[in-house]
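Trainee: I am new to this structure and should be grateful for a close look at one part of it. Please choose a suitable starting point, and then connect it with the surroundings, explaining each term as it arises.

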Amino acid sequence: SSCGIDKEPAIPISSIAGGDLDLSYNSTGFFTHHGAANNGGGTGDDEGLDISVDSENRAVIVGYSVNASGNKDLAVWRITEDGVFDPDFNGGEPFTHDNAAGGNDDDFGNAVFIGPSDEIYITGASRNGAGNFDMVIWKLTSSGALDTSLSSDGVYTHNNAAGGNLHDQGNDIVVHSNGYMFVTGFSDQTATNRDMAIWKVAPPGFLDTTFSSDGIVTADGSAGGEDDIGNSIILDANNEILVAGRSDRPGNVADMAVWLSLIH
C-alpha cells in the first residue's frame, strides 16, 4: 500500500480445505467462457473436452465452440494459473479453426498433448465434403498459431483407415520424443461395424509406413461383436503402445478392452 497499490492479502494454502474451490483462481475458483467461435459474442454452445498443463502451469483446454452458422469449430483456450486468458496465446483470445476436412461443417477437438516446447497437439474430427468425419491432427505453436511444420498448414487429416470410407475420429493423442504422433480412435469398416484404429504420423505430416506397412493398425471384433473403439493411448518404456477403450460382445454389450502394439 505504500506504493499506492491496494492489494488483497494472499490466501494461505494451508487455510484452503481439501475439495474447496481455490479462490485465488479467477477470484472464484472457476473459469467459464462462451462464444469462442464468434469472438466472445456467440450464443451457441462451448465445451471443453480435454485439458493439459504446460511447462508454465498454463491450462490448455480443447473442445469446440458453435459458430454463427450453427456448426462446431475446434476451440482451444489457454488460461494462466491465475485463471484468466493468457495474453501470450493468440492475442489473449481462444484459437478456433473450422473446415479442416473441407466439409465446412463440424470440427472438434477431443484430446490435447503438450510438447517439450509447449507446442500443442490436438486430435479430433472434421466433417468432409461427403458428409463423413475425418480424423484430424492440429498442431499449434506455443503462441497459438497453426504450426506449418505439420503438413505445411498445421493440419493433418485422414479417412478410410478401416476401408469403409465412412467416419474416422481421433479420441486421444500422444507424441514420442522423436516427434512421431500416435492417435487412437475409430474408423468405420461398415455403417454398422466400427474398428479401433491407431495412426502413426511422422512429424512432417504423413503416415509412417514402417508401422504396420501403411501407418495404421485396426482391430475388429476383439470381444466377438462389431464395434471397437480406442479412447486413450500411452507409450511405455518398452516402445509399446497401449490403447484402452471398448469392444462389443454379441448383442452390443461393451467390454473394457486394452490393445497392445509395438511402435516399430
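Mentor: Asn239 is found in the loop between β14 (228-235) and β15 (240-249). Strands (E, at least two residues) and helices (H or I, at least four residues) are DSSP runs, numbered from the N terminus. Residues are numbered from 1 along each chain as its sequence is written, and side-chain values use heavy atoms, with hydrogens and water left out. The model is a predicted one, in which local features need pLDDT of at least 70 and side-chain atom pairs count only at pLDDT 80 or more, whereas totals for chains, interfaces and linings use all residues.

The confidence should be considered before the details. pLDDT is the predictor's confidence in each residue, on a scale from 0 to 100. Its mean for the protein is 92, and 94% of the residues reach 70 or more. Over residues 1-15, however, pLDDT stays under 50, and the model has three contacts for them beyond four places in sequence; a contact means heavy atoms within 4.5 Å. Where pLDDT is low, the predicted coordinates should not be read in detail.

To return to Asn239, its phi is near 60°, a positive value in a residue other than glycine. Asn239 counts as partly exposed because its relative accessibility is 33%; buried means under 20% relative accessible area, exposed over 50%, and partly exposed in between (1.4 Å probe, protein chains only). Asn90 also has a positive phi, in this case near 50°. Asn90 lies in the loop between β3 (72-79) and β4 (95-97) and, at 31% relative accessibility, is likewise partly exposed.

The loop between β3 and β4 also holds Asp88, which is exposed at 55% relative accessibility. Leaving aside neighbours within four places in sequence, Asp88 is in contact with Arg78, Ser142 and Ser143. Asp88 and Gly144 are 56 residues apart in sequence, yet their C-alpha atoms are 8.1 Å apart in space.

The part that I propose for the close look is strand β7, which covers residues 133-140. Eight of its eight residues are buried, so β7 is largely enclosed by the rest of the structure. In a regular strand the side chains alternate between the two faces of the sheet. In β7 both faces are covered: Phe133, Met135, Ile137 and Lys139 are buried on one side, and Asp134, Val136, Trp138 and Leu140 are buried on the other.

β7 has partners to consider. Strand β6 (residues 120-128) is joined to β7 by eight bridges, and the two run antiparallel; strands count as paired if DSSP finds at least two bridges between them. The hairpin of β6 and β7 has four residues between the strands, and Gly131 there takes a positive phi near 90°. β7 also pairs with strand β8 (residues 155-158), in the antiparallel sense and over four bridges. Trp138 of β7 is a useful residue to follow, since Ile122 stands opposite Trp138, and Trp138 in turn stands opposite Val155 in β8.

From β6 one may pass to the charged side chains. Arg127 forms a salt bridge with Asp105, with the closest N and O atoms 3.7 Å apart. Arg127 lies in β6 and Asp105 in strand β5 (residues 102-114), so the pair ties together parts that are 22 residues apart in sequence. A salt bridge is a side-chain nitrogen of Lys or Arg within 4 Å of a carboxyl oxygen of Asp or Glu, and by this rule the count comes to 11. Asp105 is partly exposed, with a relative accessible area of 24%.

Further salt bridges deserve attention. Asp188 and Arg194 meet at 2.6 Å, N to O; Asp188 is buried at 4% relative accessibility, whereas Arg194 is partly exposed at 21%. Arg246 and Asp248 form another, with the closest N and O atoms 2.6 Å apart. Here Arg246 is partly exposed at 32% and Asp248 is buried at 2%. In addition, Asp54, Glu56, Arg58, Arg78, Asp86 and Asp118 are linked in a network of salt bridges; Arg78, a member of this network, is also one of the contacts of Asp88.
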